[in-house]
Amino acid sequence: MTAPVLPASPDAIARAIALLKRGGLVAMPTETVYGLACDAGDPAAVARLYAAKGRPAFNPLIAHVDGFGMAAREGVFSETARRLAETFWPGPLTLVVPLARTHITCELARAGLDTVAIRASAHPVARALIAGVGRPLVAPSANRSGHVSPTEAAHVAGDLGEAIDLILDTGACEHGLESTVIACLDGPPALLRPGALPAGRIEAVLGAPLLRPADEPGAPVAPGQLLRHYAPNARLRLNVRHPEPGEAWLAFGLTPVSGARTAATLNLSPRGDLAEAAANLFAMLRTLDRSYDRIAVSPIPDTGLGEAINDRLRRAVTR
Ligand code: TXA
Ligand code: MG
């Protein structure tokens, strides 16, 4: 049976809450991407969630909370972690902190780690579900493992429709790019995954640069930063100013008129706006991937949100 796709009316939200309380799997919109939610404290539901995604079980999940009170029952917040939460929650920031004794998030959801990733989404539907269940919900992006993250309900239905219970639809996601993941453990805060909150805004609050473990050769790789992750089937070429004939072109900004005949061109943001490009990235990749086997991508500046966009593009290239 295929999961129903319902506009997020009060009735549909009540139905989702009832399903979640019974261990069901519900695709919920957030301001970043659609997440596949279940009760964070129900190991049987979490096991079904991993199976639905086809995700390796060593990849830990984010516990979504409705505010700092619920967060502080799951994790231990240092002064720095608390400052980041106060500044950027609710919003597209995930904090990895040591596990609190009072936690509900089960070991399977944490992939056995004694740390926990926590995020308070600003999306009213996500907040209503968490408040309605009264417990944190784990929610990885609602795509099959290795596919690009879903930014529309139809993407979720295509990837997971057969494997889950309900999809709540509120249209396209505001950011279209996953949350920024920051580790606040011993030592200075570290950027584990660039995302919808530009690292520079976090550094401005901290008054210091974030550690970037990914840049240090030999540094342990954060779980879940599996290199090939955001993957279309097509072969991607990055930083292309002049696509070859037959390539589909994912352009950015004002593109020079190319002599070559591209198979198709989609522009992430004709006016060169990185937020607009981030919001379009996954949906445009999916669209081109459906019809073409070679995609050339324009250079994207590595500033602000460009850091996260380039991170996703590099992962999509690696095979
Ligand atoms: O925007 C988002 O963050 C979306 C929406 C649905 O909230 N969720 C999302 O979840 O992207 P997921 O599971 O696709 O990515 C979670 C990331 C992974 O890279 C995972 O390895 C990392 O967070 N993570 C989770 N727990 C961790 C931990 N204890 N230590 C280090 N990294 C952790
Ligand atoms: Mg994901």
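In this predicted model, Leu95 has Ile182 of strand S9 as its bridge partner. The two strands concerned, S5 (residues 93-98) and S9, run parallel and are joined by four bridges. On S9, a further pairing is made with strand S10 (residues 190-193), through three bridges and in antiparallel orientation. Here Val181 is matched with Arg193 of S10 as its bridge partner.

The two pairings of S9 are set out below.

| Partner strand of S9 | Orientation | Bridges | A bridge pair |
|---|---|---|---|
| S5 (residues 93-98) | parallel | four | Leu95 and Ile182 |
| S10 (residues 190-193) | antiparallel | three | Val181 and Arg193 |

The hairpin formed by S9 and S10 has six residues between the strands, and Gly187 in this hairpin takes a positive phi near 85 degrees.

In a regular strand, side chains alternate between the two faces of the sheet. Strand S9 (residues 180-183) is covered on both faces: Thr180 and Ile182 are buried on one side, and Val181 and Ala183 are buried on the other.

Thr94 lies in strand S5. Is Thr94 buried or exposed? Its relative accessible area is 0%, and Thr94 is therefore buried, since the cut-off for that class is under 20%. The side chain of Thr94 makes a polar contact with the side chain of Ser179, at 2.8 Å. Leaving aside residues up to four places away in sequence, Thr94 touches Thr180, Val181 and Ile182 of S9, and its contacts also include Ile62, Ala117, Ile118, Arg119 and Ser179.

Technical notes:
Residues are numbered from 1 along each chain as its sequence is written. Chains are lettered from A and ligands numbered from 1 in the order in which they are written. This is a predicted model: local features need pLDDT of at least 70, side-chain atom pairs count only at pLDDT 80 or more; totals for chains, interfaces and linings use all residues. Side-chain values use heavy atoms; hydrogens and water are left out. Buried means under 20% relative accessible area, exposed over 50%, partly exposed in between (1.4 Å probe, protein chains only). Two strands pair if DSSP finds at least two bridges between them. A polar contact is a pair of N or O atoms within 3.5 Å; within protein, one must be able to donate a hydrogen and the other to accept it, and residues adjacent in sequence count only if both atoms are side-chain atoms. Contact means heavy atoms within 4.5 Å.
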